[in-house]
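Colleague: I am new to this model and would love a close look at one part of it. Could you start from a single residue and work outwards?

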Amino acid sequence: MSQFILHKENTRGHANHGWLDAHHSFSFANYYNPERMHFGVLRVLNDDSIDGGMGFGSHPHDNMEIITIPLAGAIAHKDSMGNSAVIKNGEIQVMSAGTGVSHSEFNANADEQLNLLQIWLFPNKKNVTPRYDQQTLDVAARHNNFQQILSPNADDAGVWIQQDAWFSLGKFDEGFETAYKIKKAGNGVYAFVINGEVTINGQVLSKRDGLGVWDTDSISFKANTADAEVLLMDVPMELN
Amino acid sequence: MQTTILYIGRDTEITAVMNRLLNARPEWKGLCVCKNEEAIFICKEQHVDLVLLGNGIDPDSETELKNKLLALQPGLKIIQHYGGGSGLLYGEVMSAL
């Protein structure tokens, strides 16, 4: 029997720092909700809006898989591994923090708002060598399709991380129905609605709602609106 | 009454950030070190409420460290700190306590 947890958009943690308007699906920074600590190895799902030219100065991370997906605008990234890049909507960035890495993240544009999803997963192996990657995605390939954008395998579609996790993005026409098969036994799926309205396993979800489903091997999906856009995060439910 | 939190991690920059973050909260007293010997010395000298294990500690060293700290302070809470002093710290500490 499958189980689920529903996180409505307006129940997320919220912090408005002026230049940064952040919504947290799970406990983060000063938002602490013991009922919202993680979904399996998915520990952070932040929905950040950052004013033009503003951002996070250099700060360290360790032992975390950090995935950044710009939804609007572009982010300028620099890190202690020597990487300097701009990641824009339609691209994905991944950083395996491992033994430790410092980076800065700023809105690359002075006159345009940046909206991004930043997602952190616990790694399946501690103290790996830090690693950075980014990829441009074929946005057309996600029309009425869950396009894989991340996996544990370097030679598979999308970026890869140090965890048995698969991410997929899809953009759907109204009325489109499909099913998503979970990639690995023991994994669950956390669905996050980027735009529009969808129904997953009978649960109606609106923009920025999240639904975690586990103890199942697949989920049913229907797009209820023309602009439905969803991120699926297929992650181990057991912490390493 | 402050909660004393001992952080051990091998990266000096992250350790410095942890020291700043832990001690920024008046209810916490942060003691942050890079070496096992320093952590053991602290646990010999004073009561610690919570230990955070940071980056770069290999499995054998971690086991040895845990055993020595628990021998000095039985029942001491020891948890893994992920993220390097970032947004997870408050939640980790609150959950552990």
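Leaving aside its neighbours within four places in sequence, which residues is His59(A) in contact with?

Modeller: Happy to help. This is a predicted model, in which local features need pLDDT of at least 70, side-chain atom pairs count only at pLDDT 80 or more, and totals for chains, interfaces and linings use all residues. Residues are numbered from 1 along each chain as its sequence is written, while chains are lettered from A and ligands numbered from 1 in the order in which they are written.

Now to your residue. Once neighbours within four places in sequence are set aside, His59(A) is in contact with Ser102(A) and Ser86(B); contact here means that the C-beta atoms of two residues, placed from the backbone, lie within 7 Å. One partner is therefore in chain A and the other in chain B. His59(A) is partly exposed, because 15 other C-beta atoms lie within 10 Å. On this scale a residue is buried with 20 or more other C-beta atoms within 10 Å of its own, exposed with 12 or fewer, and partly exposed in between, the C-beta atoms being placed from the backbone.

His59(A) sits in strand S5 of chain A. Strands are DSSP runs of E with at least two residues, helices are runs of H or I with at least four, and they are numbered from the N terminus. S5(A) runs antiparallel to strand S10 (residues 101–107) of chain A, and five bridges join them; strands count as paired if DSSP finds at least two bridges between them. Across this pairing, Phe56(A) stands opposite Glu105(A) in S10(A). Strands of a sheet pair through backbone hydrogen bonds, either parallel or antiparallel.

The pair belongs to an open sheet of four strands in the order S5-S10-S7-S8 of chain A, with antiparallel pairing. Strand S5 (55–61) and strand S8 (84–88) form its edges, each pairing on one side only. From one strand to the next the twist averages 20 degrees, where axes are lines fitted to C-alpha atoms (for helices over the stretch in contact) and angles run from 0 to 180 degrees between N-to-C directions.

His59(A) also appears in a record. An unreviewed UniProt entry gives the annotation "binding site" to His59(A), His61(A), His103(A) and Glu105(A). These residues span 47 residues in sequence, yet no two of their C-alpha atoms are more than 12.8 Å apart, so they gather at one spot. UniProt positions follow the numbering used here, feature names are shortened, and annotations may be inferred rather than shown by experiment.

Another member of that group, His103(A), lies in strand S10 of chain A. His103(A) is buried, because it has 21 other C-beta atoms within 10 Å. Leaving aside neighbours within four places in sequence, its contacts are Ser58(A), His77(A), Lys78(A), Asp79(A), Ser80(A) and Met95(A).

Stepping back along the chain, UniProt (unreviewed entry) places "domain: Pirin N-terminal" at residues 12–121 of chain A. That stretch is 0% helix and 59% strand, and its end C-alpha atoms are 18 Å apart. The record also lists "domain: Quercetin 2,3-dioxygenase C-terminal cupin" (unreviewed entry) for residues 149–235 of chain A; this span is 0% helix and 59% strand, with end C-alpha atoms 14 Å apart.

Since His59(A) is in contact with Ser86(B), the meeting of the chains deserves a look too. The contact takes 21 residues from chain A and 18 residues from chain B. On the chain B side, helix H1 (12–23) and helix H4 (89–96) each supply at least two residues, and H4(B) gives the most, with four residues. The side of chain B that touches chain A divides into six nonpolar, 10 polar and two charged residues (nonpolar: Ala, Val, Leu, Ile, Met, Phe, Trp, Tyr, Cys and Pro; charged: Asp, Glu, Lys and Arg; polar: the others, Gly among them).

How confident is the predictor? The complex has an ipTM of 0.86 and a pTM of 0.94. Chain B has a mean pLDDT of 94, and 98% of its residues reach 70 or more; pLDDT is the predictor's confidence in each residue, from 0 to 100. Where pLDDT is low, the predicted coordinates should not be read in detail.
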